[in-house]
Amino acid sequence: MEVCNSTLGSGFILVGILDDSGFPELLCAAITALYLLALTSNGLLLLVITMDARLHVPMYLLLWQLSLMDLLQPSVIIPKAILDFLLKNNTISFGGCALQMFLALTLGSAEDLLLSFMAYDRYVAICHPLNYTILMSQKVCCLMIATSWILASLSALGYSMYTMQYPFCKSRQIRHLFCEIPPLLKLACGDTSTYELMVYVMGVTLLFPALAAILTSYTLILLAVLHMPSNEGRKKALVTCSSHLTVVGMWYGGAIFMYILPSSFHSPKQDNISSVFYMIVTPALNPLIYSLRNKEVTGALKRVLGKKLSVQSTF
């Protein structure tokens, strides 16, 4: 088979879920609405946590980072996908594809690590409340955030560079919403079996230890909650943890499907649906799950909006 030139001047054609759908206009409208919801809800949560001094504690600083990731992650993919659909131009340059892959991997991996740190934060707050300020100090919180970004960036850089060094076959159509490792490897001319195993190992190494840490933390939390004498304290702990577990379930479900299951178990259409779910749906719903079920966040939101309305009324 003829091989196309894998240089910065070469490009790909993204044939994603919008092109394969029976109702592309309706699906485009739904994805646009979800994207606007993700921008609005995450942006509002970032504003509330930034402006309300009462929320400047580790739990909400980690939540601030999660909202930032959930705001940036769909922004790497959705604006281009919508513009491509409207302009009927699905091309992406070689460099653009590499950059998109790097950013998506960085944000996804960072969120994976951050969710495990958030679970540890809840474990310390509920199981070791007297030592919370020591075990979850501002310094520890900043270290967690830095670790998430640095490890995710280094991992994403390595895998993006290695993926893009392959020669790609004449068919430049990526049957996916964006440039992601599994669909891109299907276009490679060389033997990718060893690298696919590396990608699988990466998925297992990043996802499973973090998921195990999360499940362990919440198991210990549940055991501690069941022994709480106060019904109100037990209810508050369960509400907070159930919100976190809802986010974890939505995120890890799609990520495990995409990176852990062998390619023979899913089709391009299933890959697209999975990516839409954990790249668009989850970021849009995360802030709603946290804010609607958290009295401190809703209270802060009312205070911030109340201040803005009072300021506007004076003019």
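Two strands pair if DSSP finds at least two bridges between them; strands themselves are DSSP runs (E, at least two residues) and helices likewise (H or I, at least four), numbered from the N terminus. The model here is predicted, so local features need pLDDT of at least 70 and side-chain atom pairs count only at pLDDT 80 or more, while totals for chains, interfaces and linings use all residues. Residues are numbered from 1 along each chain as its sequence is written, and side-chain values use heavy atoms, with hydrogens and water left out.

**Exercise 1. Work out the strand order of the open sheet and find its edges.**

Step 1: start with strand S2 (residues 11-14), which three bridges join to S3, the two running antiparallel. Glycine 11 gives you a register mark, as it stands opposite serine 93 in S3.

Step 2: put the three strands together and you get S3-S2-S5, with mixed pairing.

Step 3: the edges are S3 (91-93) and S5 (173-174), since each pairs on one side only.

**Exercise 2. Check the length of helix H5, then place it against the sheet.**

Step 1: the expected span is 1.5 Å times one less than the number of residues. For the 34 residues of H5 (residues 94-127) that gives 50 Å, and the end C-alpha atoms are 50 Å apart, so the two agree.

Step 2: H5 lies across S2, S3 and S5, at about 85° to S3. Contact here means heavy atoms within 4.5 Å, and the angle, on a scale from 0 to 180 degrees, is taken between N-to-C directions of axes fitted to C-alpha atoms, for helices over the stretch in contact.

Step 3: count burial (buried is under 20% relative accessible area, exposed over 50%, partly exposed in between, with a 1.4 Å probe and protein chains only). In H5, 25 of the 34 residues are buried, so the rest of the structure largely encloses this helix.

**Exercise 3. Find the disulfide and describe its surroundings.**

Step 1: look for cysteine sulfur atoms within 2.5 Å of each other. That rule turns up one disulfide: cysteine 97 with cysteine 179, their sulfurs 2.1 Å apart.

Step 2: locate the partners. Cysteine 97 is in H5 and cysteine 179 in the loop between S5 and helix H8 (181-185), 82 residues apart, so the pair links distant parts of the chain.

Step 3: get the handedness. The S-S torsion is about -120°, which means a left-handed disulfide.

Step 4: check accessibility. Cysteine 97 is buried at 0%, and cysteine 179 is buried at 1%.
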